Amino acid sequence: MGTRRHNVYNTGRITAELDSTPLADGGSPAHVFPLPPPPVCRAGDHELSPNPDKQRPSVCAARRREGAAENFYELHLLHLPSLSCSPLSRTAMILEKLSRANFVLRSTALVRQAHSSSSSSSSTSVPPQPVPPLAHTLQKYLTALQPLLPPDELEHTRKMVQRFSSPGGLGKKLQQGLEKRARHSHNWITDWWVQWAYLESRQPLAVHSNPAISLPRQDFSDWRGQLVFAAKLISAVLDFKARVDNGHLPVEYMRGRPLCMELYPQLFSSCRVPGPKHDHVVHYGRPRRGPTHITVVRNYQFFQLDVYNSDGTPLTQGQIHAQLCRIRSQSWKTDKEPMGILTSEHRHTWGQAYNRLLHDRINKESVRLIEKGIFTLCLDSPVMRISDEKYASRMAAQILHGGGTYSNSGNRWFDKTVQFVVGEDGSWGLLYEQATAEGPPVSTLLDHVLQYCKKTDTVRAPLIPLPMPKKLYFYIDPAIKWDIEMAKQNLDILINDLDITCFNFQRFGKEFPKRLRLSPNSVIQVAIQLAYYRVHSEVCAACDIASLRMFRGGRTDYIRSPTNQMLSFIQAFDDPAVSREAKIELLREAAEAYSQLTDQALHGHGIDRHLLGLKLQAIEEGLSVPRMFMDTAYGLATHWKLRTGQVPTNTDSVMCFGPLVPDGYAVCYNPQPDHVHFSVTAFNCCEETNAEKLADTLESTLCDIQELLHPPA
């Protein structure tokens, strides 16, 4: 693959060869090295919950992700015979039975604050999410496999699917169970999805899960401008929160249909809490009598900053700025232990450290205040200067993970739902946790912040003395000190392993495809697959995100690629024997096919959430996992080598996140009228992937498509 691109960060700590083998619990790379056991510290099992008397049961995570299917997929890669028809071993059967029993408990474990009275009344005006017809989903599943499988394997899978959907097969029974669940629940898949995809994932939130959004650089370059802008940002977020709390946030629409607004109250005063086997979400936000403070962190030191007066009115920008100056004066020392680093750990490791941490009363109070805060503001220290060419990549990485233990990674609390990051050089952005937040609501929040910050502050700060912001203290015993050191080591390994490239494609934006009556998103997706094919000489399973907010409590589904039409275009594009007219027609067919899949997913007829629901329904009913989900084809179809996402915002922001699998990429893009922002990430532990090479190929591929559609005179 050529010379490896060197990382924009080099923490200079530990280098080691990383295991790039897909994990059975979700296919993510094993960045956390096995370590010796920590010092014994019997702190008891403290799991933070709004109501200690209603502790949720500890749930086995054995059936979290694609467990068995991933194992079968790895065996397939080792060229072993297909095991889809072989009997399970006795040990596997025992584990499966334990998994079924635990899943019944798990399915009711998710906290449902999203449906409290604080939610927008617009949620009642959107319909419930439908359960797609079984036959349609299975047919579309087989169609999606066609570009990925050879004919003999496809025929084997087809027979397996036919047995599953036959009149006496398991599929009909599971479909009826899902339809019954849909009639008696707020949303038949959302709870399962959040639990399965997020709360039971044991991978670190940093890089693997939490997306970061880097915003346009502001016009300041020192700490004074940093604090002035931060004060305005805080006021803007409080203004947005007031609209949410008062029900004044306009209902959003997509394709003429209202969207569910339930996620907006969850953005504030919520936090993910780690557990040894699964996490849970706590939400303290209420329109009245909710938390009145935010958390500010600088030089690894956390502060409680009250942002409301005693009468409930928010502080003015001048008052907030004065308080931020006080925080700066109290956080000069840079030798503090970076407590926030702990939240970047593997979730099992952090869950154990969390219990040890909360054994001390002072620590418990500090952690509780961070979790209760409306949001967290990270005031980052200056970072090393870098060329303009690499600036966008560096800033995106800085927001994503903080730059390492010698930079600003200690200024994060990765469990927090919303964190704003403001640097001294004018850089700023946002990091969010996906169990509670999603891209579209976060984008709406950012648009409001940007518009608010353009206004001139005309309110004079009243001459009322304010209490000093409260510094949060932590008692660090030898066990916690050991936890911090191990977290620092593992985070630096992860950061060194991340390969990230951002670029701004300026040849055209979303208006160019629109003029040719093509979907901009579909054209970009075709270009991404073509670029991957040019680099790797094959297509791969790719997922794009579709919002299901047209339905009550809806979250997301996947839009799959490549399609058959996309594959035909890819194979013909670089073939000189194919005419330009034929290539254009193939491109139109590929774009139209992808647009149809997008429309189906947006209207609740995607296939991936339905397939997941069928599998989890079998587990809940105490049945064997259908063989269709143990098939190597299912493992291949869900090994997402391309994780993509569109961020349709009104500003030049760049979103980035890590790949879903060790040998994959994540490609995020933000189409503007005349340009498109891209970020591409990959892991250095995989010799086959290279983010910079894919980014360069994608840029040239987009230029080639433009020349195909509009050749130069």
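Colleague: What share of the area the protein chain exposes do carbon and sulfur atoms supply?
Modeller: This is a predicted model. The protein chain exposes about 28,700 Å². Of that area, carbon and sulfur atoms supply 53%.

Colleague: Which pLDDT does the protein chain average, and where does pLDDT stay under 50?
Modeller: The average pLDDT is 85, and 82% of the residues score at least 70. Residues 1-6 have a pLDDT below 50, with 20 contacts in the model beyond near neighbours in sequence. A further stretch has 232 contacts beyond four places in sequence, yet its pLDDT stays under 50: residues 10-120.

Colleague: How many helices and strands are there in the protein chain?
Modeller: Buried residues make up 60% of its 713 residues. The chain holds 20 helices and 18 strands.

Colleague: Is Thr-436 buried or exposed?
Modeller: Thr-436 sits in the loop between β10 (428-432) and α12 (439-453). Beyond four places in sequence, its contacts are Leu-263, Gln-266, Ser-270, Val-281, Thr-417 and Arg-555. The relative accessible area of Thr-436 is 4%. Buried means under 20%, so Thr-436 is buried.

Colleague: How are α16 and α17 oriented to each other, parallel or antiparallel?
Modeller: The axes of α16 (residues 564-573) and α17 (residues 580-602) come within 8 Å and cross at roughly 150°. The contact includes Phe-569 and Phe-573 of α16, and Leu-586 and Tyr-594 of α17. An angle over 145 degrees counts as roughly antiparallel. The two helices, α16 and α17, are therefore roughly antiparallel.

Colleague: Is the crossing of α16 and α17 left-handed or right-handed?
Modeller: Residues on both helices make the contact, among them Ala-572 of α16 and Ala-590 of α17. The crossing is left-handed.

Colleague: Which residues does a cis peptide bond join?
Modeller: Most peptide bonds are trans. Here one has an omega of about 5°. Pro-562, in the loop between β14 (556-561) and α16, is one partner. The cis bond joins Ser-561 and Pro-562.

Colleague: Is Tyr-300, with its positive phi, buried or exposed?
Modeller: Most residues other than glycine have a negative phi. Tyr-300 has a phi of about 70°. Its place is the loop between β6 (293-298) and β7 (301-306). Its relative accessibility is 14%, so Tyr-300 counts as buried.

Colleague: Is Arg-517 buried or exposed?
Modeller: Arg-517 is not a glycine, yet its phi is positive, about 60°. Arg-517 lies in the loop between α14 (511-515) and α15 (520-536). Its relative accessible area is 78%, and exposed means over 50%. Therefore Arg-517 is exposed.

Conventions
Residues numbered from 1 in each chain as written. Predicted model: local features only at pLDDT ≥ 70, side-chain atom pairs only at ≥ 80, totals over all residues. Heavy atoms only, no water. Helix = DSSP H or I, 4+ residues; strand = E, 2+ residues; numbered from the N terminus. Buried < 20%, exposed > 50% of the residue type's maximum accessible area, 1.4 Å probe, protein only. Contact = heavy atoms within 4.5 Å. Areas by Shrake-Rupley, 256 points an atom, 1.4 Å probe, with all protein chains shown as cover. pLDDT = per-residue confidence, 0-100. Axes fitted to C-alpha atoms, helices over the stretch in contact; angles between N-to-C directions. Parallel < 35°, antiparallel > 145°, perpendicular 65-115°, else oblique. Left-handed = near helix turned anticlockwise from the far one by under 90°.
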